[in-house]
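Dear colleague,

Please find below the sequence and structure that I am handing over to you. My findings follow directly after them.

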Amino acid sequence: METFTTEVGLDPVRLHREHPGYLLNSVLVPFIRSGLNLVAKDVAEPASIDKVWETVMGSEGPFHTIDIIGLRTIYAVLSAEAQQEIPGSKELAHYISKNYLAKNRLGVENGKGFYDYS
């Protein structure tokens with residue numbers, strides 16, 4: 001696998017053992033979930049959460065990240081987690097479905113998600 005990874009121009013990363021979600025998704029999913037929880041509980045707007053993250057961390061906030069990944073993908077992940085009875089997943093999947101997917105706000109893919117890209 002390391003040879004293939006290098007051949008396609010990537011740097012291989014070694015894991016000590018298999019882990020669900022490997023490295024990226026193990027960090028990314030809780031990051032996204034935290035942002036969604038803040039919005040779903042009406043603590044703050046997506047733009048405010050992203051602004052704080054981007055100012056302090058210097059990288060894309062959770063809602064810019066969700067828009068890039070796509071809301072259908074995030075919905076699918078949360079729905080799969082709901083099937084596994086992971087607390088809060090069903091409610092967050094419903095929030096995404098009702099407030100974004102039902103309004104055809106899919107993210108960068110179609111120009112509208114949490115942000116308008118048109």
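In this predicted model, the buried residues of H4 pack against three other helices, namely H2, H3 (46-57) and H5. The buried residues in question are Pro 62, Phe 63, His 64, Thr 65, Ile 66 and Asp 67. Helix H4 covers residues 62-69, and six of its eight residues are buried, so the helix is largely enclosed by the rest of the structure. Directly after H4 comes Gly 70, with a positive phi near 110 degrees.

Two of the helices that H4 packs against, H2 and H5, also pack against each other. H2 comprises residues 24-40 and H5 residues 71-83; the angle between them is about 95 degrees, and their axes are 12 Å apart. Angles of 65 to 115 degrees count as roughly perpendicular, and H2 and H5 are therefore roughly perpendicular to each other. From H2, the residues Val 29, Ile 32, Arg 33 and Leu 36 take part, and they meet Ile 74, Leu 78 and Glu 81 of H5. Sorted by class, this contact has five nonpolar residues, two charged residues and no polar ones. On the general point, an α-helix has 3.6 residues a turn, so residues three or four places apart point the same way.

Ile 74 deserves a separate paragraph. This residue lies in H5 and has a relative accessible area of 6%. Buried means under 20% relative accessible area, and Ile 74 is therefore buried. Setting aside neighbours within four places in sequence, Ile 74 is in contact with Ile 32, Leu 36, Ile 66 and Ile 69. Of these, Ile 32 and Leu 36 belong to the H2 side of the contact with H5, while Ile 66 is one of the buried residues of H4. Val 56, by contrast, is 18 residues from Ile 74 in sequence and 24 Å from it in space, C-alpha to C-alpha.

I turn next to the aromatic residues. Four aromatic pairs were counted. In one of them, the rings of Tyr 95 and Tyr 100 have centres 6.0 Å apart and planes at 55 degrees, so the pair is tilted. Both partners are buried: Tyr 95 has a relative accessibility of 16%, and Tyr 100 has a relative accessible area of 11%. Ring pairs join Tyr 95 and Tyr 100 with Phe 63 and Phe 114 in a cluster. Phe 63 is also among the buried residues of H4.

At the start of the chain, Thr 5 is placed in helix H1 (residues 2-7). Thr 5 is buried, with a relative accessible area of 15%. Apart from neighbours within four places in sequence, Thr 5 is in contact with Leu 10, Asp 11 and Pro 12.

Two residues other than glycine call for a check of the backbone. Glu 85 has a positive phi of about 60 degrees although it is not a glycine. Glu 85 lies in the loop between H5 and helix H6 (89-99), and with a relative accessible area of 70% this residue is exposed. Asn 104 likewise has a positive phi, near 55 degrees, and is not a glycine. Asn 104 belongs to the segment after H6 and is partly exposed, at a relative accessible area of 48%.

Finally, some values for the protein as a whole. The protein has six helices and zero strands, which gives the pattern α-α-α-α-α-α along the sequence. Its C-alpha trace spans about 45 × 35 × 30 Å along the principal axes. The protein has 118 residues, and buried residues make up 30% of them. Among contacts between residues at least 6 apart in sequence, 51% join residues at least 24 apart. The exposed area of the protein is about 8,200 Å², of which carbon and sulfur atoms supply 57%.

With kind regards

Notes: Residues are numbered from 1 along each chain as its sequence is written. This is a predicted model: local features need pLDDT of at least 70, side-chain atom pairs count only at pLDDT 80 or more; totals for chains, interfaces and linings use all residues. Side-chain values use heavy atoms; hydrogens and water are left out. Axes are lines fitted to C-alpha atoms, for helices over the stretch in contact, and angles run from 0 to 180 degrees between N-to-C directions. Helices (H or I, at least four residues) and strands (E, at least two) are DSSP runs, numbered from the N terminus. Angles under 35 degrees count as roughly parallel, over 145 as roughly antiparallel, 65 to 115 as roughly perpendicular and the rest as oblique. Contact means heavy atoms within 4.5 Å. Ala, Val, Leu, Ile, Met, Phe, Trp, Tyr, Cys and Pro count as nonpolar, Asp, Glu, Lys and Arg as charged, and the others, Gly among them, as polar. Buried means under 20% relative accessible area, exposed over 50%, partly exposed in between (1.4 Å probe, protein chains only). Accessible areas come from the Shrake-Rupley method with a 1.4 Å probe; for residues, only the protein chains shown count as cover. Rings of Phe, Tyr and Trp (its six-membered ring) pair if their centres lie within 6.5 Å; planes under 30 degrees apart count as stacked, over 60 as edge-to-face and the rest as tilted.
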